[in-house]
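Good morning, colleagues. Please turn to the sequence and the model on the screen.

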Amino acid sequence: MDLIVSSENGIKVECLEYGYKKENLVSHSKTLQCGDVLTVSNKGKYVVGVGWFVLISVNKKIKDYMWTKELEEAIHSNKTMPIIDCMLDYFNVSFQLDRALESRNKQLFLSLSEKKTKLSFLYDRISGKLPVGL
């Protein structure tokens, strides 16, 4: 599954270095920036007393085991979203924006324009128009 970080503030996650129990767990914090693409693999590690860590590739470069609880919270709080949902939102807002323009609904047009601006950045990251790291 591929996700994109949609929160403008980014998200902070714990990444596993090594350890198999809570007592000997060594981890580090990482802040994922808005527009980072996360590819979730099917490889995981279980730490007794903490839970599952899953291997995630960030922007097809950095690979880390991230705590699944934080990843799930980010998905449920809309700080990350599946790439397909982001693309559907972008095209839907584009369609609604065209309809608002045709009907000359200024208020709706302005609110949708703001939303499309935010989605355009994410869509450009997904489509490769904006290089990763900017």
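I shall speak about confidence, then strand pairing, and then the nonpolar cores.

The model before you is predicted. Its pLDDT averages 91 over the protein, and 96% of the residues score at least 70. When the elements are ranked by mean pLDDT, strand β2 has the lowest value, 90, while strand β7, residues 80-82, has the highest, 95.

Let me stay with β2 and turn to its partners. This strand covers residues 11-18 and pairs with β3, residues 26-32, in the antiparallel sense, through seven bridges. Within that pairing, K12 is placed opposite T31 of β3. Strand β2 also runs antiparallel to β6, residues 62-67, and two bridges join them. On that side, L16 faces Y65 of β6.

I come now to the interior. Which residues touch the most other members of the largest nonpolar core? They are I4, C86, L112, L119 and L122, in a core of 14 residues. Two elements, α2 (83-102) and α3 (106-127), each give two or more residues to this core. The largest share, six residues, is that of α2.

C86 deserves a separate word. What does C86 contact once its neighbours within four places in sequence are left aside? The list consists of I4, M81, L119, L122, Y123 and I126. Two of the residues named earlier for the core, L119 and L122, thus appear again as contacts of C86.

Finally, a second core of 13 residues lies apart from this one, and its members include L3, L32, L38 and I56.

Thank you for your attention.

Definitions and conventions: Residues are numbered from 1 along each chain as its sequence is written. This is a predicted model: local features need pLDDT of at least 70, side-chain atom pairs count only at pLDDT 80 or more; totals for chains, interfaces and linings use all residues. Side-chain values use heavy atoms; hydrogens and water are left out. A nonpolar core is a set of buried Ala, Val, Leu, Ile, Met, Phe, Trp, Tyr and Cys residues joined through side-chain atoms within 4.5 Å. Buried means under 20% relative accessible area, exposed over 50%, partly exposed in between (1.4 Å probe, protein chains only). Helices (H or I, at least four residues) and strands (E, at least two) are DSSP runs, numbered from the N terminus. Contact means heavy atoms within 4.5 Å. Two strands pair if DSSP finds at least two bridges between them. pLDDT is the predictor's confidence in each residue, from 0 to 100.
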